[in-house]
Amino acid sequence: MTIAEVRAEEDGLLRPPVRGVSPVLEVPFADNGDLDVPGFRRVVRYVLGTGVGSVMFPGFASEFHKLGEWERELLTGILLEETAARPDVSAIIAVQDHATRLAVRRAVDAVAGGADLINLLPPHFLAPSRRSIVAHVRAVLAAVAPTPVVLQYAPAETGTSLDGATLSEIAREHPNLALVKVESSPPGALIEELAAADPPLPAVEGYAGVQLPDAFRRGAVGTQPGCSFTEVYVELWRRFSEDDEAGGMELYRRLLPYISYWMLDTELIVAAEKLISVRRGLFASAHCREPGHRLDAEEIRMVDRFLADFADLLPSLA
């Protein structure tokens, strides 16, 4: 149990609704860019089969910004259909709409459709004021209460800046602000600040786990990476949560050269993870919709080295 979970239990609060590894689902496409619906269903079933307690869709790793509205609705429905009969797994449905009215509507519809949690990415186009961002967050929280909400804090991708004091103030007025996904770099200081706040506000770490050991030590209750090699993150989290510091750091050192390079650019890690999934036999095409990153010959060799290095944890899915 991490610092935030201990403090929450000491204060008589419920344990965080997301713990451990909570992958963001990728979206497979055919070579011509068409949606690969059977492939997405295989992605969902593969991830649920790794023993995780929750999954999130759609996120940056899902190329949410390249999905049509009907595609997004179709895939969300598939995910909720797969998780409906799984009380052991929470479906986190993401809301990224810039207009508050649309964000509220999407969040309410997702809850009505069976979402267990909402992941809210605050508006960021054209640099909205902090006051308007906070009002947007409050509106969504109020609309879906008491459904838990994860607030996604990704300053590198969005430029949005919210400090710990602001987040704590929102949480005091909206108890369904259940977690913050901290994707600042480094994330540790904010994670620790939130864990020590009144009330304690748990955090999950993102950014492919590049700062996972520090985030865990500072109280993160989970990590939210991509999904193509979920087994590696499950094992990594298991080692740290079972106080196997040496084992956790050994596995982390093996992983870091890969994720630190791939996370230099969001489109790069999306492309790398898709090729990993193809190599593992999860779906047929590593296509990313344009504009995107095209892996060069050395980056493709890097993916193959990764699969060789982690063959002990990553069986074929064909």
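I will talk about one strand, β3, with its two neighbours, and then about a single arginine, R289, in what is a predicted model.

Let me begin with strand β3, which spans residues 90–95. Of its 6 residues, 6 are buried, so the strand is largely enclosed by the rest of the structure. That cover extends to both faces, since S90, I92 and A94 on one side are buried, and A91, I93 and V95 on the other side are buried as well.

What, then, pairs with this strand? On one hand there is strand β2, residues 54–57, which pairs with β3 in the parallel sense over 4 bridges, and within that pairing S54 has S90 as its bridge partner. Between these two strands the chain passes through helix α3, residues 69–83, and the resulting β-α-β crossover is right-handed.

On the other hand there is strand β4, residues 117–120, which runs parallel to β3 and is joined to it by 4 bridges; here V95 of β3 has L120 as its bridge partner. The connection goes by way of helix α4, residues 100–112, and β3, α4 and β4 together make a right-handed β-α-β unit.

Let me now turn to R289, which sits in the loop between α12, residues 266–280, and α13, residues 297–309. Is this loop arginine buried or exposed? Its relative accessibility is 15%, and because the cut-off for buried is under 20%, R289 counts as buried. As for what surrounds it, leaving aside residues up to four places away in sequence, R289 touches F29, G33, D34 and L35, and also E63, K66, L67 and E71.

Definitions and conventions. Residues are numbered from 1 along each chain as its sequence is written. This is a predicted model: local features need pLDDT of at least 70, side-chain atom pairs count only at pLDDT 80 or more; totals for chains, interfaces and linings use all residues. Side-chain values use heavy atoms; hydrogens and water are left out. Buried means under 20% relative accessible area, exposed over 50%, partly exposed in between (1.4 Å probe, protein chains only). Two strands pair if DSSP finds at least two bridges between them. A crossover is right-handed if, with the strands pointing away from the viewer, the path from the first strand over the helix to the second runs clockwise. Contact means heavy atoms within 4.5 Å.
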